[in-house]
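I set out to record, entry by entry, what I looked up in this structure. The notes are kept terse, and each term is explained where it is needed.

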Protein chains: 2
Amino acid sequence: MKQIESLWQEVRDLSLGNASAVHRLDSPPAPLEFLRDFVSLNKPCLISRAATAHWPATALWRDRAHLTRALASSSVTVHLTPNGRADSLVPIDDGSSSSASSSPPPLCFASAHAQRVPFAEALDMISRSSQESNFVAYAQQQNDCFRSEYGPLARDCDGHVPWATEALGSLPEAVNLWIGNHFSETSFHKDHYENLYAVVTGEKHFLLLPPTDVHRMYIKDYPAAQYSYIKETGEFKLEVEEPIKYVPWCSVNPYPSPENLESEMAKFPMYFNGPKPFECTVKAGEILYLPSMWFHHVKQNPDDTGLTIAVNYWYDMQFDMKYAYFNFLQSIEYQPIHDYMGTEGEPEDL
Amino acid sequence: MKQIESLWQEVRDLSLGNASAVHRLDSPPAPLEFLRDFVSLNKPCLISRAATAHWPATALWRDRAHLTRALASSSVTVHLTPNGRADSLVPIDDGSSSSASSSPPPLCFASAHAQRVPFAEALDMISRSSQESNFVAYAQQQNDCFRSEYGPLARDCDGHVPWATEALGSLPEAVNLWIGNHFSETSFHKDHYENLYAVVTGEKHFLLLPPTDVHRMYIKDYPAAQYSYIKETGEFKLEVEEPIKYVPWCSVNPYPSPENLESEMAKFPMYFNGPKPFECTVKAGEILYLPSMWFHHVKQNPDDTGLTIAVNYWYDMQFDMKYAYFNFLQSIEYQPIHDYMGTEGEPEDL
């Protein structure tokens, strides 16, 4: 069904551009401009350092003493995984797939072990996360944690993004704080929010695909599983939830290890052979507008303090004609039988 | 392919509403509100009389003496047809289909006979248009005529719609004047513009379908044809253009005559059995926001002066993700084999 491939291309030709760079603004847009030229087009943009230059956080959050003082009596949630990949696809180690088996073990959708600890302890765990440690800790609670667990930091940055609030007509539905280091990453997924993502220290690297590329993510249902961290032994246990609950998740890992590259490219040709994802590095002081329903994968680099800290503002999205079109597109099953770029693609189960 | 039918319904459930009424505003919207709640959603709205209350035209254009005085030295374009249906589908009378033939004659896309005459003569021709006259005249030139042919009337109304201009970020690409009476109507079609449609005298009745309903319009290619009016005999000649040029046009006439109703419903079940079109009567002083790409059919009623006069402002539309989705949707051929409401619909030629 080559119309789907034409759609991937046309949305780039018409509106998003064919370069993989994200449109950059030198200063925060006026609300009307932001709404007309980005939100309404469902088109990302990156706003320069000017966006958060007035935030005390820019300077203060590079100082751990400031953070631990402000949050001295706070406890916060950290997410622990063996490898920094929370909410990602992991082989189910159910003992049934012997090492002699030729087929790879089935995958599950693994949630991190979440633990609430005093802030200083959380910071210590995040800082100690490394290849050598037996865990990676990431403060990535997404339930409006900035306005609850991190309340004492509120005065250090804006409670909302004024030009976005005016454009979108309401205050953010949730504001989240993220503290991690090099070892934490977030697998491809989409959110049903308009997202203003402000990096305060370090930098975040995003891969972005528009909603029109949904088939390129190979979304499938995976059984939900849960990591438990056993402090005494320093080991993780991964258990599939009972009764089994399926989570639809993107199958593509955009950075396969060199030994897996060939097999991953063969499994996900629409991703690896299709148009390049949009890509952007959000540096300290910059804000990324990440439009609703865009697929995104996130990696990060800390600054010299060893941490990457970010605040993101989730605004309600409009469930409008674009959303209805998206559901229609997604309802069409499509997987090219061979290489999607050829003429061999065929519709399945229409 | 029942996903297409789900799309028709979902866009109504999510955003447009399931009533056939168009959303009504008591006063002109602020630019940001107009952009966020209507343009970005591709959702029509009807703005009350307050929208044009300050226009001198509201009072002045009910007075023919004012119009003929202002345009005393102007000539304007009128469109002549035998029946008031310019730009519509008409049987080709090529002599090949004898009255004994059981199949209906093929249709062509007939353009009106366009003629430039002094304004007073145009007004006289429009006023004389009736069931008894042998022609219907409609001033419906759409090439920015309000700012050219009707220049002397410029001071009687706004040259643009200020809140729309601010929202959309540019002045109108074209402003058109329409003068007709009860006998002129416009067949279903769509425009690649954001349309602000202001009625000054009389009223216009719109049927509206969102772009997601494209399959319900049964768009097909029809050979272009041209009416010529022979003044001496008072007769029209209809000739297919040579070489043949095909025009894609909506096949549905929403108001078939009672004797044709059954056959039209059988030919176009997706239109007649699907969700009701949105419907609205735009009265003198009101403005309809008719979003880009919406299918619309227009009838009109004059006021006691015998005329319906309207000014419409065409603003450039954004060729964005919605437009790419529309092209994708339209590229999927779909015609239910029996009645679309059942489960018998099948994809064709995917």
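**Entry 1: salt bridges**

I looked up E241(B) and found that E241(B) forms a salt bridge with K245(B), with 3.7 Å between the closest N and O atoms. By the rule I used, a salt bridge is a side-chain nitrogen of Lys or Arg within 4 Å of a carboxyl oxygen of Asp or Glu. Side chains of opposite charge can pair when their charged atoms come close. E241(B) is partly exposed, at a relative accessible area of 25%, and K245(B) is partly exposed at 43%. For these words I noted the cut-offs: buried means under 20% relative accessible area, exposed over 50%, and partly exposed in between, with a 1.4 Å probe and protein chains only.

I noted that this is a predicted model, in which local features need pLDDT of at least 70 and side-chain atom pairs count only at pLDDT 80 or more, while totals for chains, interfaces and linings use all residues. Residues are numbered from 1 along each chain as its sequence is written, chains are lettered from A and ligands numbered from 1 in the order in which they are written, and side-chain values use heavy atoms, leaving out hydrogens and water.

Over all chains I found 28 salt bridges. One of them joins D304(A) and R62(A), whose closest N and O atoms are 3.2 Å apart. This pair links distant parts of the chain, 242 residues apart: D304(A) is in the loop between β18 and β19 (308–316) of chain A, and R62(A) is in the loop between α3 (57–60) and α4 (64–70) of chain A. Helices (H or I, at least four residues) and strands (E, at least two) are DSSP runs, numbered from the N terminus. D304(A) is exposed, with a relative accessible area of 66%, whereas R62(A) is partly exposed at 40%.

I also noted a salt bridge between D144(A) and R147(A), at 2.9 Å from N to O. R147(A) counts as partly exposed, at 39% relative accessibility. In addition, a network of salt bridges links R12(A), D213(A) and R216(A).

**Entry 2: where the chains meet**

How many salt bridges does the rule find across the interface of chain B and chain A? It finds 0 there. I then looked up the contacts (heavy atoms within 4.5 Å): 40 residues of chain B are in contact with 40 residues of chain A. The area buried between the two chains is about 3,500 Å², and carbon and sulfur atoms give 71% of it. Buried area here is the accessible area (1.4 Å probe) that two parts lose on being put together, summed over both. M321(B), Y325(B) and F328(B) supply 23% of the area that chain B buries against chain A, more than any other three residues. Of the interface residues of chain B, 100% are also interface residues in chain A, so the copies meet through the same surface.

**Entry 3: how the copies are related**

I superposed the copies by least squares on the C-alpha atoms of residues with pLDDT of at least 70 in both. A turn of 180 degrees and a shift of 0.0 Å along the axis lay chain B on chain A with an RMSD of 0.0 Å. The two copies are therefore related as by a two-fold rotation axis. In chain B, the C-alpha nearest the axis belongs to S40(B), at 2.6 Å.

**Entry 4: a covered helix**

Is helix α2 (residues 31–39) of chain B mostly covered or uncovered? I found it mostly covered, with 7 of its 9 residues buried. Among the buried residues of α2(B) are F34(B), R36(B) and F38(B).

**Entry 5: Q330(A)**

I located Q330(A) in helix α9 (residues 321–331) of chain A. Q330(A) is partly exposed, with a relative accessible area of 33%. Leaving aside neighbours within four places in sequence, Q330(A) is in contact with V214(A), H215(A) and I219(A). Q330(A) and P211(A) are 119 residues apart in sequence, and their C-alpha atoms are 9.3 Å apart in space.
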